[in-house]
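Hi,

Here is the structure I promised to pass on to you. Have a look first, and my notes follow underneath.

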Amino acid sequence: MGDYHFVYKDVEGASTQWDDIQRKLGNLPEKPPAFKPPPFTPASDQDSIPKDKSFIDSKTEEELEFLEDDLDLDDDRFLQEYRKKRLTEMREATKIVRFGSVVPISGSDFVREVSQAGPDVWVVVLLYKDGYAECGVLMKCLEELAVKYPGTKFVKIVSTDCIPNYPDHNLPTLLVYNNGAVKANYAGLRSFGRRCTPEGVALVLCQSDPVLNDGQGGTDRSRDSVIEGVRRKLIEKVVKEHEDDDGSSSD
């Protein structure tokens with residue numbers, strides 16, 4: 001017959017007096033701490049969350065539509081109106097066409113890409129030629145603006161493909177289109193000041209019309225609001241550059 005025996009195991013963390021003495025003498029390792037389960041935290045009750053402006057802001061479009069029948073919101077006219085406002089803003093944002101780059105086009109593309117772009121789309125057209133340094137300077141500015149304002153369409157076309165015999169001394173030239181019509185034109189780099197920067201170009205483009213669209217879907221597309229947004233981005237860039245300069249000088 002096999003040699004059967006039993007092993008008795010005490011409760012985890014328990015210790016005998018003999019073991020305690022041996023640990024004091026260094027003959028046994030320290031006793032591991034007793035297992036303690038994490039404290040119980042009940043799941044949050046969605047109905048107990050206060051329904052205020054931040055509650056509405058945290059919801060997706062689908063969730064906001066679902067809240068239309070929420071009885072708690074029915075008793076609060078402000079929250080119902082705010083819910084409708086947020087829904088409108090979200091739907092407007094999804095309507096905005098996003099471009100985000102300067103797209104090269106040919107003469108045969110012009111009518112489709114520019115003249116027929118639609119009444120809600122502003123189109124900035126760069127007339128250029130390769131090998132002209134000033135065209136390259138303006139091109140870099142437009143590439144940055146195209147990323148910052150993806151709701152505005154930026155295209156570039158070789159000047160003589162767009163307008164036969166267009167004089168090179170007018171390069172680079174910007175044409176601004178909306179609803180099939182030319183709204184503004186700027187011939188030569190001098191149109192954008194002594195030092196051509198993306199922010200300077202942005203301010204010139206918005207002098208008379210709300211050309212630049214950041215794609216955020218705001219309801220106020222007035223000239224003043226767009227210019228204010230451009231100025232705010234300019235100030236943010238200047239502040240960041242100043243902070244970076246301070247950081248490098250301290251090193």
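Let me start with a residue that caught my eye: glutamate 199 counts as buried, at 8% relative accessibility. Please keep in mind that this is a predicted model. The side chain of glutamate 199 meets that of lysine 148 in a salt bridge, at 3.6 Å from N to O. The two sit 51 residues apart, glutamate 199 in helix α9 and lysine 148 in helix α7. Unlike its buried partner, lysine 148 is partly exposed, with a relative accessibility of 29%.

Helix α9 also leads us to the sheet. Spanning residues 198-205, this helix lies across β2, β4 and β5, and runs at about 45° to β4. The sheet itself is open and mixed in its pairing, with 5 strands in the order β1-β3-β2-β4-β5. At its edges are β1 (102-104) and β5 (181-187), each of which pairs on one side only. On average, neighbouring strands are turned by 25° against each other, direction ignored. Within the sheet, β2 (residues 122-128) and β4 (residues 173-178) run antiparallel and are joined by 6 bridges. If you want a place to zoom in, leucine 126 has leucine 174 in β4 as its bridge partner.

Back to the charged pairs: how many salt bridges does the structure hold? The count is 6. One of them joins lysine 153 to glutamate 113, with an N to O distance of 2.7 Å. Lysine 153 belongs to strand β3 (residues 153-158) and glutamate 113 to helix α6 (residues 110-115), so this pair links parts of the chain 40 residues apart. Lysine 153 is buried, its relative accessible area being 12%. Through shared partners, salt bridges connect Asp109, Arg112, Glu113 and Lys153 in one network.

Another pair is aspartate 168 with lysine 129, at 3.1 Å from N to O. Here both residues are in loops, 39 residues apart: aspartate 168 between α8 (159-162) and β4, lysine 129 between β2 and α7 (133-148). Aspartate 168 is partly exposed at 29% relative accessibility, and lysine 129 is partly exposed at 21%.

Finally, some overall numbers for your files:

- The protein has 10 helices and 5 strands.
- Of its 251 residues, 32% are buried.
- Among contacts between residues at least 6 apart in sequence, 64% join residues at least 24 apart.
- About 17,100 Å² is exposed, with 52% of that supplied by carbon and sulfur atoms.

Best wishes

Definitions and conventions:
Residues are numbered from 1 along each chain as its sequence is written. This is a predicted model: local features need pLDDT of at least 70, side-chain atom pairs count only at pLDDT 80 or more; totals for chains, interfaces and linings use all residues. Side-chain values use heavy atoms; hydrogens and water are left out. Two strands pair if DSSP finds at least two bridges between them. Helices (H or I, at least four residues) and strands (E, at least two) are DSSP runs, numbered from the N terminus. Axes are lines fitted to C-alpha atoms, for helices over the stretch in contact, and angles run from 0 to 180 degrees between N-to-C directions. Contact means heavy atoms within 4.5 Å. Buried means under 20% relative accessible area, exposed over 50%, partly exposed in between (1.4 Å probe, protein chains only). Accessible areas come from the Shrake-Rupley method with a 1.4 Å probe; for residues, only the protein chains shown count as cover. A salt bridge is a side-chain nitrogen of Lys or Arg within 4 Å of a carboxyl oxygen of Asp or Glu.
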